[in-house]
Amino acid sequence: MKSFDLSLYLVLDPDLCRDHSMVETTMAAIAGGATLIQLRDKKAGTEGLIRVGRELMRAMEGTNVPLIVNDDIDAAIAIGAHGLHVGQDDLPSQIARDRLGPDKIIGLSIESEDVAQKVDHTIVDYVGIGPIFATATKPDHKPAIGFDGLEKLVRMVGLPSVAIGGLKGEHALPALESGADGIAVVSAICGQPDPKQATAYIAQKLKSARAYL
Ligand code: TZP
Ligand code: MG
């Protein structure tokens, strides 16, 4: 069954997690209210991703929170992850779908109107839109689009969407007001002294934003 909740999407970054292992950070975030976890490690290589991904899958069993792997389809398949997230420079989503089959979640990053126009709704399950703000977490990111840009792209794409890039709990309201289904964060959780509390804070902001809207 392909079901997922984009509300509070944690993208793991091992460099930022430092003081806590990826598993510790993930389990703390889930306890704090994270609804989806993405394993993103640009340095690990496929074998490294598979190792940590399998550990994550074991730890997350029974939580109902899906694990999505960034970029590396071989790792995603070996791990038995719930899905794959690809960017514009990664594997084309059609090829990803062919290899993963219909039941896995496929997410796609979009950052401009050009790209938004080309999204294939029959293949992609959700889009990650951003960066909303410039962020040191992804040094090679595309220009920041702000919440106005987010709103435009959410409307154009018409798929479930999550905003990303420089976001913190305070941005839950403008992100949801712009039409996104949730926010994706790295540094607002990874590397925080207490990842569970950091996640619970964002979850609370999302809850108040929903109550307000
Ligand atoms: N894609 C666009 S911005 C970004 C990614 C993976 C990094 C977001 O990190 P942070 O720390 O939440 O700004
Ligand atoms: Mg990528």
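This dialogue walks through the pockets and the ligand of a predicted model.

Visitor: How does one begin to look for empty space in a structure, and what is the volume of the largest pocket here?

Guide: Rolling a probe the size of a water molecule over the atoms shows where empty space is left. In this predicted model, the largest pocket has a volume of about 990 Å³. Its lining comprises 45 residues, and those closest to its centre are Arg-40, Lys-42, Lys-138, Asp-140 and Ile-164. Among the elements that give two or more residues to this lining are strand E1 (8-12), helix H1 (14-17) and strand E7 (161-164). Sorted by class, the lining of the largest pocket holds 17 nonpolar, 14 polar and 14 charged residues.

Visitor: Where does ligand 1 sit, and which residues are around it?

Guide: Ligand 1 sits in the largest pocket, and the residues around it include Arg-40, Thr-135, Lys-138, Ile-164, Gly-166 and Val-186. Three residues of this shell are nonpolar, five are polar and two are charged.

Visitor: Which atoms of Thr-135, Gly-166 and Val-186 should I look at beside the ligand?

Guide: For Thr-135, look at a polar side-chain atom, which lies 2.6 Å from an oxygen atom of ligand 1. For Gly-166, a backbone N or O atom is 2.7 Å from an oxygen atom of the ligand, while for Val-186 a polar backbone atom lies 2.9 Å from an oxygen atom of ligand 1. On its own, ligand 1 has 380 Å² of accessible area, and the protein covers 94% of that.

Visitor: How much space lies in the second largest pocket?

Guide: The second largest pocket holds about 290 Å³ of space. It is lined by 18 residues, with Ser-3, Asn-64, Val-65, Pro-66 and His-82 the closest to its centre.

Terms used. Residues are numbered from 1 along each chain as its sequence is written. Chains are lettered from A and ligands numbered from 1 in the order in which they are written. This is a predicted model: local features need pLDDT of at least 70, side-chain atom pairs count only at pLDDT 80 or more; totals for chains, interfaces and linings use all residues. Side-chain values use heavy atoms; hydrogens and water are left out. A residue is near a molecule or strand if one of its heavy atoms lies within 4 Å of it. A polar contact is a pair of N or O atoms within 3.5 Å; within protein, one must be able to donate a hydrogen and the other to accept it, and residues adjacent in sequence count only if both atoms are side-chain atoms. Accessible areas come from the Shrake-Rupley method with a 1.4 Å probe; for residues, only the protein chains shown count as cover. On a 1 Å grid over the protein atoms alone, a cavity is a set of points where a 1.4 Å probe fits but cannot get out, and a pocket is an open set with protein on both sides within 12 Å along at least five of seven lines; lining residues have an atom within 4 Å of a point. A molecule sits in a cavity or pocket if more than half of its atoms lie within 2 Å of its grid points. Ala, Val, Leu, Ile, Met, Phe, Trp, Tyr, Cys and Pro count as nonpolar, Asp, Glu, Lys and Arg as charged, and the others, Gly among them, as polar. Grid points are joined across faces, edges and corners, and a volume is the space filled by probe spheres set on the points. Helices (H or I, at least four residues) and strands (E, at least two) are DSSP runs, numbered from the N terminus.
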